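Let's take a walk through this structure together. Have the viewer ready, and follow along as we go.

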Amino acid sequence: MKTVLDMKKISIAFPGVQALNGVDFRAETGRVHALIGANGAGKSTLMKILSGAYGHYEGNLLLNGEQVEIRQPADAKKHGIQMVYQEVDTALIPNLSVGENIMMDQLVNGADKQWIEWKRLWSEAEALLKKLNIPLSPKKPVSDLTLAEKQMVLIARAISNDCRFLILDEPTAPLSQTETDELFRVVRDLKQQHVSIIFISHRLPELFAICDDITVMRNGELVGKKQIAETTQNDVIEMMLGRKMDEQFPARKHQKGDVLLRVSGLTARDVHGVDLTVHAGEVVGLTGLVGAGKSEINKALFGEDQHTSGTVEINGQPVSFRSPHDAVKKGLVLVPEERRREGVFVSESVLANLTVTTLGALAKRSFISFRKEKETAAAMIERLDVRTPSAQTKVRYLSGGNQQKIAIGKWLLAEADVYLFDEPTKGVDVGAKREIFDLIAELAARGKGVLYTSSEMPEIFGMTDRMYVVYDGRIAAEKETAHTTEEEVMYYSTGGN
Amino acid sequence: MSQKKPFQLFDFFYKYGTILTIIVLIAVFTALNPAFISSDNLLNILRSISIVTIIAVGVTVSLAVNGFDLSVGSSASLASAIVISMFVWFSQNLAVALLAAFLGAIVIGLLNSIMIVKLKIPDMLATLAMMFIIQGVALTYTKGATISENMVMADGSYAEGTISPLFAKFGQLPWIIVIMLAVVLIAQGFLSLTKHGRFMYMIGGNQEAARLSGIPVNRYKVAAYLLSALLAALGGIVLASRVMTAEINAGGPYLMDAVAAAFIGLSVLGAGKPNALGTFVGAVLIGILQNGLVMMSVPYYAMDIVKGSVLAFALALTYYKQTHS
């Protein structure tokens, strides 16, 4: 039996922001529904309302035309609406087993029973895992699982209840290609079992691969609703941006100066004898699948790994880095992958974030010149076009794209020679992506060397002059970008040689 | 928009609550006993909080790097034992006595740093262990006795050394207050005006991002624990000078007051960060409460109830602010 869920004229305000403004949304069971929009468009907010996380909205929710009241998570669950949040670790108890985590709702709601029926718990958890075709033992502790497996545990927990609508918030963001395929298989299975899946994502190709319907949001409003079969990726991007898409990548003049960075035999944890060079003015790609060891190479180059061997030369000078502090002094900097955890100081101001790398130059005998600091930060905010109410605003309140601009901006101020970018567009919306590409292109044009790490093939092809393909901590191939194809790179990425 | 008003009211109390409380307390205590506002009594209050403040500023520095130094109380005890014993047992001069006490502090700071930076023991646990160790070292060193001039030694003779008269000045007015204010102002300047202070706050905010920004995180953490141990030792020295003896575990009771002052200080003027001026204001609040309540004949043994409640209230403000902003 088909169930139709309607959200009508949903509005919600938070202090200072009208987050949603009269949004309509519809999903039906047995279909996969995509919800897409730039960062800050309101898609997560809309889904949090549906899952009962925000109770103070205006508008109506209808199930099969009948009005229902969802003001708290328990209401949503009662109506068969379940949500798997992006931060899977916040919803799991790591020191308990897979089975206990899956059956948590039953454990908690069956609180009138004083004894846990372990036998039943294990067998029910096992049955759920089997239903999803997930080869996991219910007795394994959750702390031993990979991120993808944790996600599966949460999906299993969601369907352990009566689940008709399953909301997945950017589920593929942290997953590798194989893990994503596995997730899609589960999604298709659930669809067969008459569950409606609502899929929040930034990644268009994925949405087009798995979804039936698509709803596009922008600035807290609904801007479009299409069947996937009747639209194209470019249409969707235009709806998201509210304008024609510019060329996705900046035009770059290919130039190649002296060797800035020469690495040979770099070995560290999960890095095995990596050789690579970066010339002045060059953007060199480092690509490969998630988990291939790209981040590890970056971290080893940046002095993060204590057990690094091999030789590294910058500008022909042999250097050895024992800490990022050493690397920065020698003119090599890293924009790390985990922006919020590693790239910015969320509880500090935009100003303090931007000047952290150059404080020495802004200080006289260690005393900071606040006037100079302010001027420097203001100039950088202008240059990066950081959308912030003021330089004193805490970085926490900025969008992902603007945070990333700050993570890059602090190194622009530091004037290094070699820039390592590790997945610089992760979690950044389409508009801000282009600005980040421009910044990187500008660095290369000014004669800096850039090592651009990404597992997004279009970015590697759009941005780089030359690329290294990483597989299992080794360089599997080196290719001129102009003389290779995505197929060839994929071949090396998956272990071909 | 009806929500907006209570929010602003809360912000106001968050920023100015501590200072308002101090003003209200002064008014109430003065109304109850006009002698409270006399300059003698005010100086008395400042003198009574100076040792706590010096130690609390050390705690503040450790909090700035998101650490927590619980060993400050026993570090102060050890410093007071070393400095007095140098005079009394070994007849040393002032410079040697002070140097020995500060050397002890440097050793403590380094040991704390090794445990925290190298062995990666969580700060609070590492310094808790260190607190026990130093307490034991101080007790062993003094053989469980109070050190004072003319004390009876183990062999039955009398200790011959005397305490330097200059040393005695440290614990007296006005010097004790001057030392405290100097410590507060220098620490405040260090934390808020220099790049080193900024780096410490950055480390406190996000250690991983700080390291990847090229800040030598470990060096700054070591520096923070050295500073906190040195300030604790200074507190112990001033304490020794004030009472001219080294009593068993003399610094111990200062730990909780210092921690309370540092945490109350977090919210002062909306700083939201450990800062020396706020810590000073926190210590003033505690000092006024203590002094006023004594005047009102509240028994000393009930004092901790009041201090604990004030700390709980200040923490409630800080953490409520963190989750609701």
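The paragraphs below move from the nonpolar cores to a helix and then to a sheet.

Keep in mind that this is a predicted model. A good place to begin is the largest nonpolar core, which has 170 residues. Within this core, A:Ile440, B:Ile55 and B:Ala258 touch the most other members. The element that gives the most to the core is helix H10 of chain B (residues 217-243), with 16 residues. Apart from this core lies another one, of 65 residues, and among its members are A:Ile36, A:Met103, A:Ile197 and A:Leu222.

Now zoom in on B:Ile55. Leaving aside neighbours within four places in sequence, B:Ile55 is in contact with B:Val72, B:Ala76, B:Leu231, B:Ala232, B:Gly235, B:Tyr254 and B:Ala258.

Next, find helix H12 of chain B, residues 276-295. At 1.5 Å a residue, its 20 residues should span 28 Å, and the end C-alpha atoms are indeed 28 Å apart, so the two values agree. Of these 20 residues, 15 are buried, so H12(B) is largely enclosed by the rest of the structure. Just after H12(B), B:Ser297 takes a positive phi of about 60°.

Finally, turn to chain A, where four strands form an open sheet in the order S2-S1-S4-S5, with antiparallel pairing. Strands S2 (17-28) and S5 (66-68) of chain A stand at the edges with a single partner strand each, so one side of each has no neighbour in the sheet. On average, neighbouring strands of this sheet are turned by 25° against each other, direction ignored. Strands S1 (residues 4-14) and S4 (residues 58-63) of chain A pair in the antiparallel sense over five bridges. To see one such pairing, look at A:Asp6, whose bridge partner in S4(A) is A:Leu62.

Technical notes. Residues are numbered from 1 along each chain as its sequence is written. Chains are lettered from A and ligands numbered from 1 in the order in which they are written. This is a predicted model: local features need pLDDT of at least 70, side-chain atom pairs count only at pLDDT 80 or more; totals for chains, interfaces and linings use all residues. A nonpolar core is a set of buried Ala, Val, Leu, Ile, Met, Phe, Trp, Tyr and Cys residues joined through C-beta atoms within 7 Å. A residue is buried if 20 or more other C-beta atoms lie within 10 Å of its own, exposed if 12 or fewer, and partly exposed in between; C-beta atoms are placed from the backbone. Helices (H or I, at least four residues) and strands (E, at least two) are DSSP runs, numbered from the N terminus. Two residues are in contact if their C-beta atoms, placed from the backbone, lie within 7 Å. The expected span of a helix is 1.5 Å times one less than its number of residues. Two strands pair if DSSP finds at least two bridges between them. Axes are lines fitted to C-alpha atoms, for helices over the stretch in contact, and angles run from 0 to 180 degrees between N-to-C directions.
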